Amino acid sequence: MTSPPLAEALAAGPVVLDGGLSNQLESAGYDLSDELWSARLLAERPGAIVAAHLAYYEAGASVAITSSYQATFEGFARRGVSRERAAELLPLSVELAREAARRAEAKGVPGPLWVAASAGPYGAMLADGSEYRGRYGLTVAELEAFHRPRLDALAAAGPDVLALETVPDTDEALALLRAVRGLGVPAWLSYSVAGDRTRAGQPLEEAFALAADADEIVAVGVNCCAPEDVEPAVALAARVTGKPVVAYPNSGESWDAEARGWRGAATFTADRVAGWERAGARLIGGCCRVGPGRIAALAAAVRR
């Protein structure tokens, strides 16, 4: 069954995104302590990725975000994967999510179901934490040249939308906005934020404004941030851009890099959703440490 364009659905009301793919894979017993993160399983355990997507569709998500966040030609090359093989794995991420959607529909999950092809920031390829700092020392043109081949490969696989996600600064946002021009696939642009600023410290008002006149961008917002930061950021994005807003924060726990473990209590709760909706959120889900259980509660809150 062919799904209507996601932009049409957003005009009609909120749409539920999935949660963290990596934590769902880890909960199934897969070790992701690797520079390629969940992208490693594209070649080694594709069935595991299908199962993870399916769990979120069954929990009530209408959009699955692919396992390509950390999948880049450069990252694969560092692991000895040829460019030709990488060019097969990138579109495979889209097909695995499509397969999960087909299985979900066969099991009676109501549609429409969409697939968002993930494109993470340059720092995700470096796998050194710089994706949460930005300011890599590269020009906008250099960042565009990095992103365009991967976006070409993902767009050619026919996703419903491109997820330009966890963007830490305005230079990279501008590069991504340039890179998606002419691809023929809509996209959302989502910043990783701390309070009212990008991770690189730029005011969010300036960051969101970059997407205001970009025809390719069907939603703009935030992800991989604290739940507490979502509502004011959503309201600002809606006011500055006039577009539907995407919001999918982390669980609220914090990562202790030295101890290599999560600390603190989860603050992601379904009762926050009403405030996000009132502020303008139309694509709503979760990121790190938000699993199918929380997405099920979120979906119930959105649809009540």
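A disulfide is taken here as a pair of cysteine sulfur atoms within 2.5 Å. In this predicted model, the count under that rule comes to zero disulfides. The sulfur of C225 lies 7.7 Å from the closest cysteine sulfur, which belongs to C224, and this separation is too far for a bond. C287 is likewise in no disulfide, the nearest cysteine sulfur, again that of C224, being 4.1 Å away. Both cysteines are nevertheless covered, since C225 counts as buried at 1% relative accessibility and C287 counts as buried at 12%.

The strands of the model form an open sheet of eight, arranged in the order β1-β12-β9-β8-β5-β4-β3-β2 and paired in parallel. Its edges are formed by β1 (15–16) and β2 (63–65), each of which pairs on one side only. The sheet can be followed from one edge to the other through its individual pairings.

Toward the β1 end of the order, strand β9 (residues 245–248) and strand β12 (residues 281–284) pair in the parallel sense over three bridges, and V246 stands opposite L283 in β12. On its other side, β9 pairs with β8 in the parallel sense over four bridges, with V220 standing opposite V245 in β9. Between these two strands the chain crosses from β8 through helix α11 (residues 230–241) to β9, and this β-α-β crossover is right-handed. Strand β8 (residues 217–223) is itself mostly covered, as seven of its seven residues are buried. Five bridges join β8 to strand β5 (residues 187–191), and the two strands run parallel; within this pairing, Y191 stands opposite V222 in β8.

The part of the sheet that ends at β2 is described next, with strand β3 considered in detail. β2 and β3 pair in the parallel sense over three bridges, and the bridge partner of I65 in β3 is A116. Helix α4 (residues 46–59) lies across β2 and β3 (114–119), and the helix runs at about 150° to β2. On the side of β3 away from β2 in the strand order, four bridges join β3 to strand β4 (residues 161–167), again with the strands running parallel.

Strand β3 is largely enclosed by the rest of the structure, because six of its six residues are buried. In a regular strand the side chains alternate between the two faces of the sheet. Both faces of β3 are covered, with W114, A116 and S118 buried on one side and V115, A117 and A119 buried on the other.

Within this strand, S118 illustrates how a residue of β3 is surrounded. S118 is buried, with a relative accessible area of 0%, and its bridge partner in β4 is A163. The side chain of S118 also makes a polar contact, at 2.4 Å, with the side chain of E165. When neighbours within four places in sequence are left aside, the residues in contact with S118 are I65, T66, S68, Y69, L154, A163 and E165. Two members of this set recur in the bridge pairings already described, namely I65, whose bridge partner in β3 is A116, and A163, the bridge partner of S118 in β4.

Definitions and conventions. Residues numbered from 1 in each chain as written. Predicted model: local features only at pLDDT ≥ 70, side-chain atom pairs only at ≥ 80, totals over all residues. Heavy atoms only, no water. Pairing = 2+ DSSP bridges. Contact = heavy atoms within 4.5 Å. Axes fitted to C-alpha atoms, helices over the stretch in contact; angles between N-to-C directions. Buried < 20%, exposed > 50% of the residue type's maximum accessible area, 1.4 Å probe, protein only. Right-handed = clockwise from strand over helix to strand, strands pointing away. Polar contact = N/O pair within 3.5 Å; in protein donor to acceptor, adjacent residues only side chain to side chain.
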